[in-house]
Amino acid sequence: MKNAIDVTDESSIHWQQDMSYGQYLQLEPLLGLQQQRSDQHDEMLFIVIHQASELWMKLCLHEAHAAAAQIGQDNLRPAFKMLTRIARIQQQLINAWEVLVTMTPADYSAFRDSLGQSSGFQSYQYRELEFLLGNKNAKLIEAHKGHPDHYQHLQAVLKAPSLYDICLQLLKQRGFAIDSSILERDASEPYISHPSVEAAWLQVYNNTEQYWDLYELAEKLVDLEHHFQQWRFNHMKTVERIIGYKQGTGGTAGVHYLQKALSLQFFPELWSVRTSI
């Protein structure tokens, strides 16, 4: 028979410390942020899922900006760890939809009016993440015009090179024949795939031993986009399951908009090159 856990040592600890667990994590303000606007049971689920997702996106941005900086310095090993972490975070975001789908259409309808004009389309962190990964669209910033700080920050991210732009700059530095029009383009414009970029990635994939770190970088990017598309798909199917083809809150097109988003790619040549390998 196993002995009971001895808590004598733990119970004798002097707990009047300068910093407690709750203080370090600021749990009181954090756990006070789940303010329901209705008396419906499932509204708490809706709030927690979305707040937790925003926290995960905050960490995604923290890692993605840092990874971009490391890649820009041709320092790929730390970037690989950061990109791997982003993929793991994305898995948490994907899994969140599995919890949200326990809410039925009737459950959601009971408090939907309490949301007013609020919409996930207004998530400035999500928009920043898309811009950073390369889905540049200046029109999408307009939803944030009423919040000057967010608007200005998104303008800056829109105009800055994306993560993929920085990777292509690295390929050029390593001696690959990337067309100058790609590297000198207006970074605020949507990226369009180019034969010179596909040719560079094809050279990497056909000579993996010579270009192992670039090959690993390519696969990390593919992994990142693969998870992002899974998140988009699960988002779309969750919305379809709960509200069908109704218009989204805030006037968005709902499922139709989310279906269209599935066709967008961040790193197009990393997908097209697979046909040529």
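In the predicted model, Leu 221 has its place in helix α12, which spans residues 212–243. With a relative accessible area of 0%, Leu 221 is buried, and when its neighbours within four places in sequence are left aside, Leu 221 is in contact with Leu 163, Tyr 164, Cys 167, Phe 267 and Leu 270. The C-alpha atom of Leu 221 is separated by 30 Å from that of Asp 149, a residue 72 positions away along the chain.

Helix α12 also packs with α7, at an angle of about 145 degrees and with the two axes 13 Å apart; the crossing by which α7 passes α12 is left-handed. On the α7 side, the residues that meet α12 are Tyr 126, Leu 129, Glu 130 and Leu 133, and their counterparts in α12 are Leu 224, Phe 228, Trp 231 and Arg 232. Sorted by class, the contact of α7 with α12 comprises six nonpolar and two charged residues, with no polar ones.

The loop that runs between α7 (124–133) and α8 (148–159) contains His 144. This histidine counts as buried, because its relative accessibility is 2%, a value under the 20% cut-off. Apart from its neighbours within four places in sequence, His 144 is in contact with Phe 121, Gln 122, Ser 123, Tyr 124, Arg 127, Tyr 151 and Leu 154.

Two further packing arrangements involve α9. Helix α4, formed by residues 43–72, packs with α9 at an angle of about 15 degrees, and their axes lie 9 Å apart; the two helices are therefore roughly parallel to each other, since angles under 35 degrees fall in that category. The crossing of α4 and α9 is left-handed, and the contact is made by Ala 68, Ile 71 and Gly 72 on the part of α4, together with Leu 163, Ile 166, Cys 167 and Leu 170 on the part of α9. By class, this contact has six nonpolar residues and one polar residue, while charged residues are absent. Leu 163 and Cys 167, which belong to the α9 side of this contact, are also among the residues in contact with Leu 221 of α12.

The second arrangement pairs α9 (residues 163–173) with α11 (residues 195–206), where the helices pack at an angle of about 65 degrees and have axes 11 Å apart. That angle makes α9 roughly perpendicular to α11, because the range from 65 to 115 degrees is assigned to that category. The crossing of α9 and α11 is likewise left-handed. Here Tyr 164, Leu 168 and Leu 171 of α9 meet Val 197, Ala 200 and Trp 201 of α11, so that by class the contact holds six nonpolar residues and neither polar nor charged ones. Tyr 164, one of the α9 residues that meet α11, is also in contact with Leu 221.

The cysteines were examined for possible bonding, and the structure holds zero disulfides. The sulfur of Cys 60 has its closest cysteine sulfur in Cys 167, at 16 Å, which is too far for a bond, given that a disulfide requires the sulfur atoms to be within 2.5 Å. For Cys 167, in turn, the closest cysteine sulfur is that of Cys 60, again at 16 Å and too far for a bond. Cys 60 counts as buried at 1% relative accessibility, and Cys 167 is also buried, with a relative accessibility of 1%.

Definitions and conventions. Residues numbered from 1 in each chain as written. Predicted model: local features only at pLDDT ≥ 70, side-chain atom pairs only at ≥ 80, totals over all residues. Heavy atoms only, no water. Buried < 20%, exposed > 50% of the residue type's maximum accessible area, 1.4 Å probe, protein only. Axes fitted to C-alpha atoms, helices over the stretch in contact; angles between N-to-C directions. Helix = DSSP H or I, 4+ residues; strand = E, 2+ residues; numbered from the N terminus. Parallel < 35°, antiparallel > 145°, perpendicular 65-115°, else oblique. Left-handed = near helix turned anticlockwise from the far one by under 90°. Contact = heavy atoms within 4.5 Å.
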